[in-house]
Amino acid sequence: GFSHLFSLPGFIVLASSIYGKKNKDEIAAPSPVEDFRAVAFLPRTKGKAPVVSFCGYAGFKTFTARIAYFLKNVRYVGAPEYRRGIYWRRHTMRILSREARVETRFIVRDSFSGKSGAQATREEREEYIQSIIHSDFVLCPKGDANYSARFYETLALGRIPVLIDTDTVLPFEREGLLDYSSFIVRVPHTKVDRVGDYILDFWNRHDDASFAGAQQKAREAFQNYLQYDRFYTRIFSHLVK
């Protein structure tokens with residue numbers, strides 16, 4: 001979960017995984033993900049309650065894997081932001097499962113799958129994508145490194161990510177070029193027990209029209225700033241000014 005520190009005089013370091021207090025001189029870059037150009041964008045209208053989803057690795061195949069999980073996380077008692085992503089996934093889902101004000105749709109897998117490539121079957125990948133499309137909000141805690149590819153895929157599909165902020169730095173945030181507050185829910189990891197409040201606060205601020213607008217902003221942020229080629233075009237243009 002740690003991000004390596006680089007000290008290279010004369011070089012600019014771009015990294016997907018950055019801890020704000022630790023990697024002060026690095027530039028946050030997005031994770032390369034599918035752009036979903038073939039998926040028609042249709043914003044969701046507000047229902048009776050916000051629908052929150054998660055589909056992915058958050059379980060254990062064996063008892064040994066469960067024990068290893070606990071042992072790896074014990075070392076970070078004093079610095080929980082460095083805990084493995086599976087901790088934040090399980091912890092946040094457990095909290096929201098008890099939250100009566102939201103509807104949860106969680107698909108928990110006991111191995112890493114659902115991403116592009118050989119690690120996922122076609123059916124698993126499609127289930128993963130559909131779980132995002134048919135949700136209002138998508139839980140996006142960190143992985144083992146301090147970023148979430150799911151975060152960028154959620155934006156690409158025009159849905160609202162719920163970012164559990166483990167001292168996370170997002171692309172163009174330090175540069176002041178992208179305002180995330182209008183299209184993501186950001187929950188400080190120290191206040192994760194109130195994740196339901198943060199989701200409901202965002203939900204209640206919007207009527208159908210403005211909620212559709214927030215989803216449109218999410219998709220446009222990906223297309224115009226966070227898609228890999230667009231990101232590098234923009235960041236290098238900014239750096240040479």
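**Aromatic clustering and sheet architecture**

Ring pairs join Phe 172, Tyr 225, Tyr 228, Phe 231, Tyr 232 and Phe 236 into a cluster. The model is predicted. In total, the structure contains 14 aromatic pairs.

One pair joins Phe 151 to Tyr 180. The geometry is tilted, with the ring centres 6.3 Å apart and 45° between the planes. Phe 151 belongs to helix H4, whereas Tyr 180 lies in the loop between S6 and S7. The pair therefore ties together parts that are 29 residues apart in sequence. Phe 151 has 2% relative accessibility, so this residue counts as buried. Tyr 180, at 3% relative accessibility, also counts as buried, because the cut-off for burial is under 20% relative accessible area.

A second tilted pair is formed by Phe 172 and Phe 231. Here the centre-to-centre distance is 5.1 Å, and the planes meet at 55°. This pair links distant parts of the chain, 59 residues apart. Phe 172 sits in the loop between S6 and S7, and Phe 231 sits in helix H7, which spans residues 228–239. Phe 172 has a relative accessible area of 0% and is therefore buried. Phe 231 is likewise buried, with a relative accessible area of 0%. Both residues are members of the ring cluster named at the outset.

Phe 172 also stands out in its backbone. Its phi is near 70°, a positive value in a residue other than glycine. Asp 167 shows a positive phi too, of about 60°, and is not a glycine either. Asp 167 is placed in the loop between S6 and S7, and Phe 172 is found in that loop as well. Exposure separates the two residues. Asp 167 is partly exposed, with a relative accessible area of 21%, whereas Phe 172 is buried at 0%.

Two arginines lie over tyrosine rings. The charged end of Arg 234 sits over the ring of Tyr 225, 4.1 Å from the ring centre. Tyr 225 is itself part of the aromatic cluster. Arg 83 lies over the face of Tyr 87, at 4.5 Å from the ring centre.

Attention now turns to the sheet. Five strands form an open sheet in the order S4-S3-S5-S6-S7, with parallel pairing. Its edges are strand S4 (103–109) and strand S7 (185–188), each of which pairs on one side only. From one strand to the next, the twist averages 20°. Strands of a sheet pair through backbone hydrogen bonds, in either a parallel or an antiparallel sense.

Within this sheet, strand S3 (residues 51–57) pairs with strand S5 (residues 137–140). The pairing is parallel and runs over two bridges. Val 52 has Phe 137 of S5 as its bridge partner.

Helix H4 (residues 149–156) lies across S3, S5 and strand S6 (160–165). The helix runs at about 160° to S5. H4 also carries Phe 151, whose ring partner Tyr 180 lies in the loop between S6 and S7. That loop holds Phe 172 too, which pairs with Phe 231 of helix H7.

Key:
Residues are numbered from 1 along each chain as its sequence is written. This is a predicted model: local features need pLDDT of at least 70, side-chain atom pairs count only at pLDDT 80 or more; totals for chains, interfaces and linings use all residues. Side-chain values use heavy atoms; hydrogens and water are left out. Two strands pair if DSSP finds at least two bridges between them. Helices (H or I, at least four residues) and strands (E, at least two) are DSSP runs, numbered from the N terminus. Axes are lines fitted to C-alpha atoms, for helices over the stretch in contact, and angles run from 0 to 180 degrees between N-to-C directions. Contact means heavy atoms within 4.5 Å. Rings of Phe, Tyr and Trp (its six-membered ring) pair if their centres lie within 6.5 Å; planes under 30 degrees apart count as stacked, over 60 as edge-to-face and the rest as tilted. Buried means under 20% relative accessible area, exposed over 50%, partly exposed in between (1.4 Å probe, protein chains only). A charge sits over a ring if NZ of Lys or CZ of Arg is within 6 Å of the ring centre and within 35 degrees of the ring normal.
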